[in-house]
Amino acid sequence: MRLVFVGPPGAGKGTQAKLICERWKIPQISTGDMLRAAKASGQLPEELVKQMAAGGLVPDEVVIDLISKRTQDADAKEGFLLDGFPRTVPQADALDRVLESRGQKLTVVLALEVPKENLIERAVLRRTDKRTGQIYHLKYKPPPPDAEAHLEHRPDDHEEVVRNRVEVYEKMTADLLPHYEKSGRLKRIDGVGTVEEVTARVIAALEAVR
Ligand code: AP5
């Protein structure tokens, strides 16, 4: 399966991606995680660090290059789940070209839909365990006491930045869903409810296209 998860900041893409990837034994490929890893190892240019911290998007060519290379790795041969890519129509077109050149195509694009008021709370109270990448939420999925010393609050998860990220998503990604809808590749998933309820909806949507 070659899957794409689209959705606004805090929609639950990363949370659901981990569960789906475990179930179908495919790698989760998150451009956000790859960019944060590049930043942590000092390989992300300062200008891009600033753009991310302010909640803006990095240039299309940067993420297209990352995805083009990563999807060629051995573990992605039988499938993958792209989390947070593509975010723009030029990124979607580039992805189609890359896959086409390998005789591959996307199975389905899943759009996780969550109202704005839930997004802010989900992102602002998110904490991630630096050691394992496990995602917690201070209200809905509290971290265990032994994880507390290792929790990270992402610099772009402060309320003002989250609001900007949601605005950027609405502006930059507005054309993406109709683009995939037109080609019959989009499935919309209601992202409100418990993690387990949303997972059940995602699995049902995937079983229908497999
Ligand atoms: P990225 O890391 O992709 O961030 P994002 O898309 O803004 O998404 P988030 O990681 O904030 O949220 P999520 O949907 O994964 O939610 P999660 O599961 O963690 O991108 C970061 C930055 O990188 C971008 O701003 C941009 O600068 C750059 N970038 C990345 N890709 C790019 C691209 N393609 N082009 C250009 N630039 C790019 O859940 C959030 C919280 O909610 C958690 O605490 C979780 O526990 C909780 N939660 C999840 N589900 C539920 C539920 N059902 N009920 C209650 N709580 C829940």
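Me: What makes the pair between Thr15 and the ligand a polar contact?
Reply: A polar side-chain atom of Thr15 lies 2.6 Å from an oxygen atom of the ligand. A polar contact is a pair of N or O atoms within 3.5 Å; within protein, one must be able to donate a hydrogen and the other to accept it, and residues adjacent in sequence count only if both atoms are side-chain atoms. The Thr15 pair therefore qualifies. This is a predicted model, where local features need pLDDT of at least 70, side-chain atom pairs count only at pLDDT 80 or more, and totals for chains, interfaces and linings use all residues. Residues are numbered from 1 along each chain as its sequence is written, and side-chain values use heavy atoms, without hydrogens and water.

Me: Which ligand atom pairs with the side chain of Arg126, and at what distance?
Reply: An oxygen atom of the ligand, 2.5 Å from an N or O atom of that Arg126 side chain. The protein covers 96% of the 1100 Å² of accessible area that the ligand has on its own (Shrake-Rupley method, 1.4 Å probe).

Me: How do you know that Asp83 has no salt bridge?
Reply: A salt bridge needs a side-chain nitrogen of Lys or Arg within 4 Å of a carboxyl oxygen of Asp or Glu. The nearest side chain of opposite charge, Lys13, is 5.1 Å away. So Asp83 has none. Asp83 is nevertheless buried (under 20% relative accessible area, 1.4 Å probe, protein chains only).

Me: What does the side chain of Asp83 contact instead?
Reply: The side chain of Gln28, in a polar contact at 2.9 Å.

How values were computed: Buried < 20%, exposed > 50% of the residue type's maximum accessible area, 1.4 Å probe, protein only. Lys, Arg positive; Asp, Glu negative; His and termini not counted.
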